Amino acid sequence: MRVVAVHLLNDYSGSPKVLMQLLRGWGKKDIETHLFTCGGREGFLSNIPKIHEHFYWYQFAKNPLVRLLFLVTSQALLALKLLFFLKKSDVLYINTVLPFGAGIMGKIRGCQVIYHIHETSIKPKILKKFLFGVVKWSATKVVYVSYFLSNQEPINAPKEVLYNVLEDDFVKKALQNKLPSKASKIVLMICSLKEYKGVNEFLKLAQLNSQFIFKLVVNASQADIDDYFKNKEVPQNLFCYPTQKDTHQFYKEASVLLNLSDVNLWVETFGLTVLEGMAYGLPTIVPPVGGVVELVDDGINGFQINSKHIDEISKKLQLVLNDETVYLEMSHKALEKSKCFNEDYFEKESIRIISK
């Protein structure tokens, strides 16, 4: 069996990290695996052992029209490469719905085409309709990251739910790093530097809760951070950090983790950073809809609250961080829940999926 995996933008965000875990697992089993992704940048998909790398051109652009042009161009180039590379016997594994050129070419070449779907919030609607249209036309199997997403984006093809999991190395390091007590009460959020990710709400919470330290880690450069906050009143208890390859130090010192995505603009289909925080025993506050509710049990290991309800989130922060009994119980429950999402389950399930 030969697996050809395809991803669009190689960076340090959630979807390439999941694919990295898949590739490592297949590499361990000596499955011949080829990766097609954009070249010229470092990310989770760089230099994975036993994986044959192939690069095609793609560049992210802030302007939506330019970004669309770049996407279409990149997929034309990808399709041309795959035309001469794919064999009918290949398993074509497409990570996210964006590499539509791979789906089209996989269908033409008669491959088994498996889509690993992470997203539902794609704009504009016409682009989403097109991308999911290609999936519906070309997919022989669909893998979802949560039951929520499988219900949200049904495809008329055999489906699997494969939860994102924590790498064994991450779990070991979390257990080694986990502190019995915290020197400061730190509220952490790790996300993209986007308004719909709740960055402005995080800022408001910091302004309202000067007794706590707020740390924001974003997938962006320092220049982008400076530009985003240049006209905003940033309190002294808020600290913002650019893209981090290693987030362990932030989880280690944090007390609570937040996910403040705007449910009207962006629905979290899983929430890998939430799971990572839980491995450190961090109670978590998340939106009340999406895949994150399959991780966070309201009032047990965290809370499910709409990010627009700033006062309610503030009250819960104060409850958890000021009541040691409540905090320790939630922390214990968070750690226990995280143990269900392990690498052994992930690797066995992923190999079963591509082998069926």
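What covers the buried residues of helix 8? In this predicted model, local features need pLDDT of at least 70 and side-chain atom pairs count only at pLDDT 80 or more, while totals for chains, interfaces and linings use all residues. Residues are numbered from 1 along each chain as its sequence is written, and side-chain values use heavy atoms, with hydrogens and water left out.

The cover on helix 8 includes helix 7 (199-208), strand 9 (213-218) and strand 10 (238-241), contact being heavy atoms within 4.5 Å. Helices (H or I, at least four residues) and strands (E, at least two) are DSSP runs, numbered from the N terminus. Within helix 8 (222-229), the buried residues (under 20% relative accessible area, 1.4 Å probe, protein chains only) include Ile225, Tyr228 and Phe229. These residues sit on the same side of helix 8, because they span an arc of only 85 degrees around the axis, taken from the directions from the helix axis to the C-beta atoms.

Now for the sheet. Seven strands make up an open, parallel sheet, ordered 3-2-1-4-5-6-7; two strands pair if DSSP finds at least two bridges between them. Strand 3 (51-56) and strand 7 (159-161) are at the edges with a single partner strand each, so one side of each lacks a neighbour in the sheet. From one strand to the next, the twist averages 20 degrees. Strand 4 (91-95) and strand 5 (112-117) are joined by five bridges, and Tyr93 has Ile114 of strand 5 as its bridge partner.

Helix 4 (125-138) lies across strand 5 and strand 6 (141-144), at about 140 degrees to strand 5; axes are lines fitted to C-alpha atoms, for helices over the stretch in contact, with angles from 0 to 180 degrees between N-to-C directions.

Key. Buried means under 20% relative accessible area, exposed over 50%, partly exposed in between (1.4 Å probe, protein chains only).
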